[in-house]
Amino acid sequence: MGSETKPIKRRKLSDEVKDRILETIQLEALSPGDILPSERELMTLYGVGRPAIREAMQSLQGMGLIEVRHGERPRVAEASMDSALEQMSLTMQHILSHSGTTLEHLKEARLGLETYLAGRAASVRTEAQVDQIRSVLSAQRAARPDPVKFMHLDGAFHQSIADICGNPLYSAVTRAIFDWLSVFHVGTVRNPGLEDLTLSEHEDIFDAISGGDSARAANAMKDHLLRSNKLYHQSNARGSGQPG
């Protein structure tokens with residue numbers, strides 16, 4: 001049967017309003033910080049009630065496209081990769097919790113990305129950036145008794161390496177992937193000595209980056225993440241997790 005026989009889907013009024021507002025932003029080339037019409041003006045403009053306007057605005061705010069502050073007219077939000085990826089956080093964690101295949105695909109993507117970033121960081125790092133990683137590593141070493149803080153600093157270590165490369169996309173994606181995976185890497189049962197192993201591997205990565213050895217840095221990161229993934233499977237079978 002042709003597409004003309006398909007039933008016409010009814011749309012929520014707020015969805016239509018949302019699309020109209022997006023169209024206005026695009027056609028008028030509005031920039032972050034530009035003011036949008038007030039609720040009352042939108043009601044008059046589109047001929048709809050306040051509930052449809054508010055629902056549309058809440059949806060756009062949830063998507064990170066506009067800012068709505070009490071007592072002020074809405075504004076176009078500042079665009080960033082971090083905010084875009086943050087909108088996906090709950091959805092991604094839900095998907096990962098119910099799809100082992102997707103979880104493995106994400107781990108594979110992280111392996112390829114961070115292996116490259118470690119090698120790249122070794123070739124472009126500055127002394128100030130090396131000092132930053134050294135500081136994070138020192139703090140993580142001191143945080144061994146505190147699993148939550150240790151995991152937070154684990155993420156900071158990997159993030160510092162991504163940030164060295166100077167590409168905001170790499171930084172945002174690295175941060176998002178670590179956040180999405182973190183729920184799987186902190187278990188109620190800890191493996192004794194695992195923190196020391198993680199620190200030892202981090203130190204190998206740091207030494208290679210500090211010394212400007214791209215190949216060694218990439219290999220050290222690859223070995224670290226492969227070990228982390230392998231131990232995750234072993235720990236998961238026992239109901240525990242590990243840092244990475």
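Good morning. I begin with Ala 29, which sits in the loop between α1 (13-27) and α2. I should say at once that this is a predicted model. The phi angle of Ala 29 is near 50°, a positive value in a residue other than glycine. As background, most residues other than glycine have a negative phi. Ala 29 also counts as exposed, because its relative accessibility is 57%, and the cut-off for that class is over 50%.

Let me turn to the largest pocket. How much space lies in it? The figure is about 270 Å³. Its lining consists of 16 residues, and those nearest the centre are Glu 39, Val 68, Arg 69, Glu 72 and Pro 74. Two or more lining residues come from each of the elements α2 (39-46) and α3 (50-62). The greatest share is that of α3, with five residues. In chemical terms, the lining divides into six nonpolar, five polar and five charged residues.

I move now to the interior. In soluble globular proteins, nonpolar side chains tend to be buried together. Here the largest nonpolar core has 35 residues, and the members that touch the most others are Leu 106, Phe 157, Ile 161, Trp 180, Ile 205 and Ile 209. Two or more residues are contributed by each of α5 (89-98), α6 (100-124), α7 (127-142), α8 (147-164), α9 (168-185), α10 (194-210) and α11 (214-237). Among these, α6 gives the most, namely eight residues.

Consider Ile 205 as one example from this core. Setting aside residues up to four places away in sequence, Ile 205 touches Phe 157, Ile 161, Ala 220, Met 221 and His 224. Apart from this core there is another, of 14 residues, including Val 17, Ile 21, Ile 25 and Ala 56.

My last residue is Glu 114, found in helix α6. Is Glu 114 buried or exposed? It counts as buried, because its relative accessibility is 3%, and the cut-off for that class is under 20%. Which side chain makes a polar contact with that of Glu 114? The partner is the side chain of His 158, at 2.6 Å. Leaving aside neighbours within four places in sequence, Glu 114 is in contact with His 158, Thr 174, Met 221 and Leu 225. Met 221 thus appears twice in this account, being touched by Ile 205 and in contact with Glu 114.

Thank you for your attention.

How values were computed:
Residues are numbered from 1 along each chain as its sequence is written. This is a predicted model: local features need pLDDT of at least 70, side-chain atom pairs count only at pLDDT 80 or more; totals for chains, interfaces and linings use all residues. Side-chain values use heavy atoms; hydrogens and water are left out. A nonpolar core is a set of buried Ala, Val, Leu, Ile, Met, Phe, Trp, Tyr and Cys residues joined through side-chain atoms within 4.5 Å. Buried means under 20% relative accessible area, exposed over 50%, partly exposed in between (1.4 Å probe, protein chains only). Helices (H or I, at least four residues) and strands (E, at least two) are DSSP runs, numbered from the N terminus. Contact means heavy atoms within 4.5 Å. A polar contact is a pair of N or O atoms within 3.5 Å; within protein, one must be able to donate a hydrogen and the other to accept it, and residues adjacent in sequence count only if both atoms are side-chain atoms. On a 1 Å grid over the protein atoms alone, a cavity is a set of points where a 1.4 Å probe fits but cannot get out, and a pocket is an open set with protein on both sides within 12 Å along at least five of seven lines; lining residues have an atom within 4 Å of a point. Grid points are joined across faces, edges and corners, and a volume is the space filled by probe spheres set on the points. Ala, Val, Leu, Ile, Met, Phe, Trp, Tyr, Cys and Pro count as nonpolar, Asp, Glu, Lys and Arg as charged, and the others, Gly among them, as polar.
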